[in-house]
Amino acid sequence: MNTMIDPAPAPTQGADVTLRRRQSLEASVVRACTNPECGAGGVFHDVPGVNVAHYDPERKDQPVGPICLCCGAERPADEPQGEIWSREYR
Ligand SMILES: [Zn+2]
């Protein structure tokens, strides 16, 4: 008895593989505290002596969250703007 063994399928000739790299930038508006006696910015910073409860160089530019750490007031919600820029490389 003769047994035919099918050879493994050859790689498809002429197949196109396209690699793409994509960079994307998303933005969010972070407002300052609305308490008129406070007005502290909504992100941590690295300026000593200013709004000291938000002084944290390790977390610089990160939002402080829903409560102002300087006065305890509720802060306005952050306003995500979605993707504001993107670029694709081929
Ligand atoms: Zn405040």
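In this predicted model, Ala 27 has Gly 82 of strand 2 as its bridge partner. A second pairing of this kind links Ser 24 with Ser 86, again a strand 2 residue. These pairings belong to the ladder between strand 1, residues 21-29, and strand 2, residues 79-89. The two strands run antiparallel and are joined by nine bridges. As for the rest of the regular secondary structure, the protein has zero helices, and its strands number two.

How well covered are the strands? Strand 1 is hardly covered, with a count of zero buried residues among its nine. Strand 2 lies largely in the open because, of its 11 residues, the number buried is zero. For the protein overall, 8% of the 90 residues count as buried.

Ser 28 gives a residue-level view of the pairing. This serine sits in strand 1 and counts as exposed, since it has 11 C-beta neighbours inside 10 Å, and the cut-off for exposed is 12 or fewer. Setting aside residues up to four places away in sequence, Ser 28 touches Asp 78, Glu 79, Pro 80 and Gln 81. With Gln 81, the separation is 53 residues in sequence, yet the C-alpha atoms are 5.2 Å apart in space. On the scale of the protein, contacts between residues at least 24 apart make up 51% of those between residues at least 6 apart in sequence.

Where does the largest nonpolar core lie? Its five residues are Cys 33, Ala 40, Val 64, Cys 68 and Cys 70. One of these, Cys 68, has a fairly full list of contacts once its neighbours within four places in sequence are left aside: Cys 33, Asn 35, Cys 38, Ala 40, Ala 73 and Arg 75. Two names on that list, Cys 33 and Ala 40, are also members of the core.

The loop between strand 1 and strand 2 holds a few residues worth a look, among them Asn 51. The phi of Asn 51 is near 40 degrees, so a positive value turns up here in a residue other than glycine. Most residues other than glycine have a negative phi. Asn 51 is also buried, because 20 other C-beta atoms lie within 10 Å, and 20 or more is what the cut-off asks for.

Asp 61, in the loop between strand 1 and strand 2 as well, likewise has a positive phi, near 75 degrees, without being a glycine. Is Asp 61 buried or exposed? Its 9 C-beta neighbours inside 10 Å make it exposed, whereas Asn 51 is buried.

Asp 56 has its place in the loop between strand 1 and strand 2 too. With 15 C-beta neighbours inside 10 Å, Asp 56 counts as partly exposed. Asp 56 and Asp 46 are 10 residues apart in sequence, and 5.9 Å separates their C-alpha atoms in space.

Definitions and conventions. Residues numbered from 1 in each chain as written. Predicted model: local features only at pLDDT ≥ 70, side-chain atom pairs only at ≥ 80, totals over all residues. Helix = DSSP H or I, 4+ residues; strand = E, 2+ residues; numbered from the N terminus. Contact = placed C-beta atoms within 7 Å. Core = buried A, V, L, I, M, F, W, Y, C linked by C-beta atoms within 7 Å. Pairing = 2+ DSSP bridges.
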